[in-house]
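Dear colleague,

Please find below the structure that I am handing over to you. My notes on its salt bridges follow, and I would be grateful if you read them alongside the coordinates.

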Amino acid sequence: MENLLSIINTILENRGRKKCDSISPETDLKRDLGFDSFDLAEFTVRIEVEYDVDVFEDGIVYTIGDILDRISV
């Protein structure tokens, strides 16, 4: 999960926003992290490069737990 946090913080820093100290499976990408559609697109690409998984292939993801389920399959 630390690798996901690193990816998240890179995206937040690139947008001039404050880094996130921690995430949990319940962390909501939009509500808790403030991700918009551009952030989600970048996040998706970075996850695909890192894990070779399209997290949106089977539908929308909302939380870190949704992502963890898809990258650990």
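**Salt bridges and their surroundings**

Asp58 is exposed, with a relative accessible area of 66%. This residue is found in the loop between α2 and α3, the latter helix covering residues 64–71. The C-alpha atoms of Asp58 and Arg70 are separated by 8.9 Å, and the two residues stand 12 apart along the chain. Please bear in mind throughout that the model is a predicted one.

I then turned to the charged side chains. The count comes to six salt bridges, and three of them are described here in turn.

The pair Glu42 and Arg15 forms a salt bridge in which the closest N and O atoms are 3.1 Å apart. Glu42 lies in helix α2 (residues 37–51) and Arg15 in the loop between α1 (2–14) and α2, so this contact ties together parts that are 27 residues apart in sequence. As for exposure, Glu42 has a relative accessible area of 17%; because this value is under 20%, Glu42 is classed as buried. Arg15, with a relative accessible area of 37%, is partly exposed.

A salt bridge also joins Asp39 to Arg17, and here the closest N and O atoms are 2.6 Å apart. This pair, too, links distant parts of the chain: Asp39 belongs to helix α2, while Arg17 sits in the loop between α1 and α2, 22 residues away. Asp39 is buried, its relative accessible area being 0%. Its partner Arg17 is partly exposed, at 31%.

Within helix α2 there is a further contact to consider. The side chains of Glu42 and Arg46 meet in a salt bridge, with an N to O distance of 2.8 Å. Glu42 and Arg46 are four residues apart in helix α2, so about one helical turn separates them. Arg46 is partly exposed, with a relative accessible area of 32%.

How do these contacts relate to one another, and which residues are joined into one network? Through salt bridges that share partners, Arg15, Arg17, Asp39, Glu42 and Arg46 are joined into one network. Glu42 illustrates such sharing, since this residue pairs with Arg15 and also with Arg46. Among the members of the network, Asp39 and Glu42 are buried, whereas Arg15, Arg17 and Arg46 are partly exposed.

With kind regards

Methods: Residues numbered from 1 in each chain as written. Predicted model: local features only at pLDDT ≥ 70, side-chain atom pairs only at ≥ 80, totals over all residues. Heavy atoms only, no water. Salt bridge = Lys/Arg side-chain N within 4 Å of Asp/Glu carboxyl O. Helix = DSSP H or I, 4+ residues; strand = E, 2+ residues; numbered from the N terminus. Buried < 20%, exposed > 50% of the residue type's maximum accessible area, 1.4 Å probe, protein only.
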